[in-house]
Amino acid sequence: MTSLRLLPPSAHLHESWLRNTEEWDGADQQGASVFLADKYGWDLKSPKDFSRWVRLLNDLADTQHQPPTGFVNQCTLWLERDEEYLGAVSLRYALINDFLQVVGEHIGYGIRPSARGEGLAAQALKAILEVARTRGMRQVLLTCDDSNIGSAKTIVACGGRLERILPVEELAAQFGSVAPVRRYWIDL
């Protein structure tokens with residue numbers, strides 16, 4: 001068995017990524033930025049559309065590349081072991097709108113269900129925090145649903161301090177949130 005690697009997205013992991021998607025059973029794959037493929041109507045089951053999406057994710061890491069309107073440049077890394085996609089972590093370079101500033105975040109991550117419980121989320125978060133440091137960021141915002149104890153523990157273990165828990169009443173009308181959201185900051 002080879003060791004875990006954090007790499008830029010790669011089209012060669014398409015089949016593995018599809019198996020991962022089945023495990024999520026329709027849930028949002030945090031950190032994977034699937035919403036970017038949705039914006040263009042790309043079908044990620046298609047190798048051609050998957051390659052387009054991978055290329056876009058890699059282009060967005062370069063601030064010289066103009067992001068789609070309403071989106072920001074970001075660095076996305078995929079967790080891979082033995083040619084198997086295990087999850088993703090993304091760092092947004094800026095929070096450009098109310099949604100990102102309140103319930104969005106600088107960093108999102110998600111681990112495929114069959115790979116959880118191995119400490120992969122903490123490894124991914126630590127790696128992307130180093131990317132944030134090299135970019136000169138001073139602090140980053142992370143959020144998670146109040147009920148997501150695993151994510152909350154990961155954030156705290158990586159230096160996160162809880163700012164507050166936003167109640168649904170503050171979020172529902174403007175952002176459509178159906179659960180309280182925890183807001184954490186990590187100083188870099």
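Guide: Welcome! A helix here is a DSSP run of H or I with at least four residues, and a strand is a run of E with at least two, both numbered from the N terminus. With that in hand, the predicted model above can be read as the pattern β-α-α-α-β-β-α-β-α-β-α-β-α-β along the sequence.

Visitor: How many helices and strands are there in the protein?

Guide: There are seven of each kind. The protein has a radius of gyration of 16 Å, and the globule rule gives 16 Å for 188 residues, so it is as compact as a globular protein of that length. Its C-alpha atoms fill a box of roughly 40 × 40 × 35 Å along the principal axes.

Visitor: What makes strand β2 largely enclosed by the rest of the structure?

Guide: A residue is called buried when its relative accessible area is under 20%. In β2 (residues 74-81), eight of the eight residues are buried, so the strand is largely enclosed. Both of its faces are covered: Gln74, Thr76, Trp78 and Glu80 lie on one side, with Cys75, Leu77, Leu79 and Arg81 on the other.

Visitor: How do you know that β1 and β2 pair?

Guide: Pairing needs at least two bridges found by DSSP. Three bridges join β1 (residues 5-7) to β2, so the two strands count as a pair. They run antiparallel, and Leu6 stands opposite Leu79.

Visitor: And what joins β2 to β3?

Guide: Eight bridges link β2 to β3 (residues 84-92), again with the strands antiparallel. Leu77 has Val89 as its bridge partner in β3. The two strands form a hairpin with two residues between them, and Asp82 in the turn has a positive phi of about 55°.

Visitor: Why is Gly110 called buried?

Guide: The cut-off is under 20% relative accessible area. Gly110 comes in at 7%, so the name fits. Gly110 is part of strand β4 (residues 107-111).

Visitor: Which residues is Gly110 in contact with, leaving aside its neighbours within four places in sequence?

Guide: Contact asks for heavy atoms within 4.5 Å. By that test Gly110 touches Trp24, Gln30, Gly31, Leu86, Gly87 and Ala88. As for Ala121, eleven residues away along the chain, its C-alpha atom is 7.0 Å from that of Gly110.

Visitor: What share of the contacts with a separation of 6 or more comes from residues 24 or more positions apart?

Guide: They account for 65% of those contacts. Across the protein, buried residues make up 48% of the 188 residues. About 9,500 Å² is exposed, with carbon and sulfur atoms supplying 50% of that area.

Conventions: Residues numbered from 1 in each chain as written. Predicted model: local features only at pLDDT ≥ 70, side-chain atom pairs only at ≥ 80, totals over all residues. Heavy atoms only, no water. Buried < 20%, exposed > 50% of the residue type's maximum accessible area, 1.4 Å probe, protein only. Rg over C-alpha atoms; globule rule 2.2 N^0.38 Å. Areas by Shrake-Rupley, 256 points an atom, 1.4 Å probe, with all protein chains shown as cover.
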